Amino acid sequence: MNEKIYKRISCRQCSSKDLSLAIKLNPTPLANNYLKDLESKSKNEVYPLDVFFCNHCKHLQLLHVVEPKVLYSDYVYVSGTSPIFVNHFKNYAKNLFDNYVKDGLVIDIGSNDGTLLKAFKDLGYSVIGIEPAKNIAQEAKNNGIETIVDFFSTSISELIKSDYGTANVITANNVFAHVDNPINFLKGIKNLLSADKGIFVFEVSYLRDVIENNFFDTIYHEHLDYHTLLPLKGLLERCGFEVLDANCIDTHGGSLRVISQLKGGLNNVSPSVQNLIEMEEKLGLHSLSTFLRFSEKIQICGEKLKEILKDIKSKGKTIVGYGAPAKATTLLYQFDIGIETLDFIVDDSKWKQFLYLPGKKIPIYPKEYIFTKKPDYILILAWNFSSSIIENNQEFKSNGGKFIIPLPTVEIV
């Protein structure tokens, strides 16, 4: 096996070896490994992208694990580039301020450029970020957010506790799905969290939305886990926590926000927890057969999209992509779409511009290239921002340009 990747033989949440292949996707390169030049051969390596179901605790997960330092040491996803996320994090911080705890230390694990912590700081909390990507941690520091450049661990938790004491709020957004050893991860959080009023809050992509909307492209190597509340609740309880509240939110095409505390904490458990688990059961989200049917749905969607793109190209029309999110790599590899179909991709993030998409080697340019190159169609790869992308590109539309939205179903606007 490649030294950058290894394969587990047991469920990372409950250690059961009773695992079944649930969703088989085409191997892909690492989704955020954008190429600086076309000679970066090592960054074109592909890795298995098979998803397994734990028949014991009902958790869905990747068993192939890429070394975290390979994934995160040089990272290009920045929360602050999206006004939608800036606003989301402001509301997030205000919600916790209004309903749980109004002061003390907030620690954000996987703090990125410090966008969430800035919202907490503006409300009067003390804040510390933990972020392994040096380039993005520096951005946070430049913005006045104290940031530890490292991966979170029990040893880091000891250092923070020694220097700053316990935290009233610990957050980890779109990070929990990236952790290969969640039990050890929770041990570090338990060590740092205030015993009486402390809360641990995290957001993860919600499997319900992935299945219902065919968002299979949110499956890539960074995302080791695909969460429902039932197995999460079991994991947290085994590690000494209790779930207080669980809510569905709109970010990333549909996410789950879980609020928890140490067992015996001061907050009451909301009825939302049991209600959501019952809803999952009714939707079949704890059943292997649901994911086997999902695989068939992916194939049907791919055939339709490829047929549409082939027809457009046969008429001599040009197509470009809009957005170079990590999920674009999964979609393009699964449906075998490359430079022969997309002339280039535009993206609003300065971190991705003038790089190449992993493996596919499609160049990524600023949005202005749409107006200089004048393509006929735009394939929206950042489909979760379809409405705002269309709204912000009315000039392209008024000049006869058309948008293709690939998911949840293929649509031409």
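In this predicted model, strands β3 (residues 47-54) and β4 (residues 60-62) run antiparallel and are joined by three bridges. One pairing can be named: F52 has Q61 in β4 as its bridge partner. Both strands belong to an open sheet of four strands. The order is β2-β3-β4-β11, and the pairing is antiparallel. The edges are taken by β2 (19-28) and β11. Each edge strand has a single partner, so one of its sides has no neighbour in the sheet.

Two helices accompany this sheet. Helix α10 (residues 288-314) packs on the sheet and touches β2, β3 and β4. The direction of α10 makes about 25° with that of β2. Helix α11 (residues 326-334) lies across β2 and β3. Relative to β2, α11 runs at about 90°.

The edge strand β11 spans residues 225-226 and contains Y226. Is Y226 buried or exposed? Its relative accessible area is 4%. The cut-off for a buried residue is under 20%, so Y226 counts as buried. Beyond its neighbours within four places in sequence, Y226 is in contact with V51, H59, L60, Q61, L62, L207, T218, I219 and Y220. Among these contacts, V51 falls within the residue range of β3, while L60, Q61 and L62 fall within that of β4. The side chain of Y226 also reaches the backbone oxygen of H223, at 2.4 Å. K141 is 85 residues from Y226 along the chain, and the C-alpha atoms of the two are separated by 31 Å.

A helix pair was examined next. The axes of α8 (residues 229-238) and α9 (residues 272-283) come within 9 Å. They cross at roughly 135°. This angle makes α8 oblique to α9. On the α8 side, the contact involves L229, L230 and K233. On the α9 side, it involves V273, L276, I277 and E280. By type, the contact residues comprise five nonpolar, no polar and two charged. The spacing of such residues can be read against helix geometry. An α-helix has 3.6 residues a turn, so residues three or four places apart point the same way.

Helix α8 also takes part in covering another helix, α6. Which residues of α6 (residues 182-192) are buried? They are P182, F185, L186, G188, I189, N191 and L192. The cover over these residues includes the helices α5 (154-164) and α8. It also includes the strands β6 (105-109), β9 (169-173), β10 (199-205) and β12 (241-249).

Definitions and conventions. Residues numbered from 1 in each chain as written. Predicted model: local features only at pLDDT ≥ 70, side-chain atom pairs only at ≥ 80, totals over all residues. Heavy atoms only, no water. Axes fitted to C-alpha atoms, helices over the stretch in contact; angles between N-to-C directions. Parallel < 35°, antiparallel > 145°, perpendicular 65-115°, else oblique. Contact = heavy atoms within 4.5 Å. Nonpolar A, V, L, I, M, F, W, Y, C, P; charged D, E, K, R; others polar. Buried < 20%, exposed > 50% of the residue type's maximum accessible area, 1.4 Å probe, protein only. Polar contact = N/O pair within 3.5 Å; in protein donor to acceptor, adjacent residues only side chain to side chain. Pairing = 2+ DSSP bridges.
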